[in-house]
Amino acid sequence: WYDRRLKGLDNGVDDEPPIRIFVMGENVWRQESEWPLARAVSTRYYLRSRGKANTLDGDGSLSHEPPGDEPPDVYSYDPDEPVPTLGGQALAAPLIDSGPRDRTPVERRDDVLVYTTEPLAADLEVTGPIRMTLYAASSAPDTDFTATLVDVHPRGMAIIICEGIARARFRDSLTAPSLIEPGTAYEFHIDLWETSNVFKAGHQIRLEVSSSNFPRFDRNLNAGHLPGMDAEMRVADQTVYHDARRPSHLTLPVIPDERG
């Protein structure tokens, strides 16, 4: 690329596909002609539980089947004891322990909801933008919701793939923020950025839902004041819904297996 751009050498690089990605799990480089991939199939994984999805020992699951009449999951977010950053895309050493870290220490916290599929019967490639639709309520006038996609290995390691966060006041607009009504359910959209990962057969797909990821993202103090302009902190009681009317779900771009 530098030879072509800086030296003017006609080396054929302009004839190559414009996109080059690294596919984790398969651990290969691959060239593509567009982004997102046109052949990706948007696939929903619904949050399911009996109301006790807290920690990795809870009853949370991810399923292709939409929920019916299910109780919500609840947890309390205390900005004085935020969920610590553990792994991820951000490179800010030594403040952030970034990269493919094992998330099980975080998943033992009661303020982290954990939803996991059954072990996969075959390899599953996920390549492209990752999105989360979350129906939730809070006791606070402003708060955050986080989502983390995790690859669970057969021996129990829970390796972070990608993550995202949404601030309630910016749910509709970044330029015209508005507070939420405590106790009222809202629809939040969380962008987990992009990835390319093959979840291998026997592995499980996991989603974590919480309200902080510190210090990668600043803490929401839950008081509803301007960020960075006050020191008042409140504990927020959070409710995550997954029922027929409010089907919280993760949307994954699944790449069909073309190997036959």
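## The N-terminal surface

Leu-6 belongs to helix α1, which covers residues 2-6, and in this predicted model Leu-6 is exposed, its relative accessible area being 67%. Together with Trp-1 and Tyr-2, Leu-6 forms a nonpolar patch on the surface, and the accessible area of these three residues together is about 450 Å².

## Salt bridges

Side chains of opposite charge can pair when their charged atoms come close. Across the whole structure, a search finds 21 salt bridges, and a few of them are described here.

Arg-206 and Glu-107 form one such pair, with their closest N and O atoms 2.7 Å apart. Because Arg-206 lies in strand β11 (residues 204-210) and Glu-107 in helix α2 (residues 104-107), this salt bridge ties together parts that are 99 residues apart in sequence. Both Arg-206 and Glu-107 are buried.

A salt bridge also joins the side chains of Arg-234 and Glu-232, at an N to O distance of 3.1 Å. Here Arg-234 is partly exposed, with a relative accessible area of 36%, and Glu-232 is likewise partly exposed, at 35% relative accessibility. Elsewhere, salt bridges that share partners link Arg-30, Glu-32, Arg-39 and Glu-125 into one network. Within that network, the side chains of Arg-39 and Glu-32 meet at 2.8 Å, N to O; Arg-39 is partly exposed, with a relative accessible area of 28%, whereas Glu-32 counts as buried because its relative accessibility is 6%, under the 20% cut-off.

## Backbone geometry in the loops

Most residues other than glycine have a negative phi, and most peptide bonds are trans. Against that background, the following sites deserve a look in the model.

The peptide bond from Trp-35 to Pro-36 is cis, with omega near 0 degrees, and Pro-36 sits in the loop between β2 (28-32) and β3 (41-48). Another cis peptide bond joins Phe-214 and Pro-215, with omega about 20 degrees; Pro-215 is located in the loop between β11 and β12 (236-241).

The loop between β11 and β12 also holds Asn-222, a residue other than glycine whose phi is positive, near 70 degrees. Asn-222 is buried, with a relative accessible area of 0%. Thr-55, which is not a glycine either, has a positive phi of about 70 degrees and is found in the loop between β3 and β4 (61-63). At 14% relative accessibility, Thr-55 counts as buried.

Key
Residues are numbered from 1 along each chain as its sequence is written. This is a predicted model: local features need pLDDT of at least 70, side-chain atom pairs count only at pLDDT 80 or more; totals for chains, interfaces and linings use all residues. Side-chain values use heavy atoms; hydrogens and water are left out. Patches are made of residues with over 30% relative accessible area and no salt bridge: like charges are joined within 9 Å, nonpolar side chains (Val, Leu, Ile, Met, Phe, Trp, Tyr) within 5 Å. Accessible areas come from the Shrake-Rupley method with a 1.4 Å probe; for residues, only the protein chains shown count as cover. A salt bridge is a side-chain nitrogen of Lys or Arg within 4 Å of a carboxyl oxygen of Asp or Glu. Helices (H or I, at least four residues) and strands (E, at least two) are DSSP runs, numbered from the N terminus. Buried means under 20% relative accessible area, exposed over 50%, partly exposed in between (1.4 Å probe, protein chains only).
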